Amino acid sequence: MIPFSAVGVCRASQAVDLFPNVCPDVVVREARIEDCWEVAETHCSTFFPKYSFPLDLMLRINRLVGMLSGFSVPNGCTRTCLVAVIGSSVDNLFFGNGEFIKVGGFEERFSFNKRYVAGILTVDTMADFLPRKGPLRQRRTGIAYISNVAVRERDRRKGIAKRLIAKAEDQARNWGCRVIALHCDVNNPGAVQLYKGQGFKCIKVPERVNWPRPKTSPNVQFNFMMKLITTLSAT
Ligand SMILES: CC(=O)SCCNC(=O)CCNC(=O)[C@H](O)C(C)(C)COP(=O)(O)OP(=O)(O)OC[C@H]1O[C@@H](n2cnc3c(N)ncnc32)[C@H](O)[C@@H]1OP(=O)(O)O
């Protein structure tokens, strides 16, 4: 653990640039309305893999409705969902060559297009997981927060998460943020390794300070990780 002041400056996109061919047929962009079902599917199959019908279907619908209604973002804050789409250069329709998803215990063909969402990431400026400041308990500004990073199992270890993080950093930079932060389960060594590799450092949260934490099981222990991001003019 190191203090916040010692967090190093490095661009994830620079690291990603070193490996342009790991998964060349991937486009990382903001999610569009037509991606919503696949985003919900990627989220639920990654974070709730053991749920079975009808709970798995209800979860996906719940996520879908949340996305379509835009969730609620406080005034002055912003949030976006990024997707990594595989096969974006293949725009032709192939009958009989669609992707399969598992919903409600059934494998469903959902598209005749080879394109599909392989990974997702949410980035926002709500600073929900940082202590508020001042007597008015205002939200902190200039700090982007990454959550819900998920890559479909069959597409892992191809550099997709790295590309999502690099894009999130670019987004945060465009929003004028100077820091990007996240929580990561200490018992998720792959994810910890991923973020450390992208220049994030574990920040020691003072014990007596009651920082807000992600709402998961109370037994989960989190690393709070941060990275300074360079401004556009400094790159
Ligand atoms: C802030 C949050 O949202 S934390 C939650 C993170 N999400 C999850 O744990 C959901 C389940 N897991 C996943 O979806 C994926 O395994 C992820 C997101 C952790 C990683 O996605 P991937 O696309 O496979 O990662 P990517 O290929 O970019 O890997 C980059 C580096 O991270 C590290 N890494 C990734 N997965 C692992 C793993 N299972 N074991 C060890 N190191 C790993 C490696 O250093 C890897 O580089 P390398 O392949 O050159 O060795």
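Two strands pair if DSSP finds at least two bridges between them. Keep that in mind for this predicted model. Strands β6 and β7 are joined by 4 bridges, so they count as a pair. The two run parallel. One of the contacts links Tyr 145 in β6 to its bridge partner Ala 181 in β7.

Now turn to β5. This strand covers residues 116-124 and is joined to β6 by 5 bridges. Here the direction is antiparallel. Thr 122 has Ser 147 of β6 as its bridge partner. Strand β6 therefore pairs with both β5 and β7.

Next, add the helix. Together, β6, α4 and β7 make a β-α-β unit, and the unit is right-handed.

The ligand comes next. Its shell holds 22 residues. Val 149, Arg 156, Ala 161, Gly 190 and Leu 194 are the closest. Four elements each give two or more residues to this shell: β6 (143-151), α4 (160-174), β7 (179-185) and α5 (189-197). Which element provides the largest share? Strand β6 does, with 6 residues. By type, the shell residues split into 10 nonpolar, 8 polar and 4 charged.

Finally, look at the annotation. An unreviewed UniProt entry lists residues 144-230 as "domain: N-acetyltransferase". Over that stretch the chain is 28% helix and 29% strand. The C-alpha atoms at the ends of the stretch are 13 Å apart.

How values were computed. Residues numbered from 1 in each chain as written. Predicted model: local features only at pLDDT ≥ 70, side-chain atom pairs only at ≥ 80, totals over all residues. Near = placed C-beta within 6 Å. Nonpolar A, V, L, I, M, F, W, Y, C, P; charged D, E, K, R; others polar. UniProt positions renumbered as here; feature names shortened; annotations may be inferred. Right-handed = clockwise from strand over helix to strand, strands pointing away.
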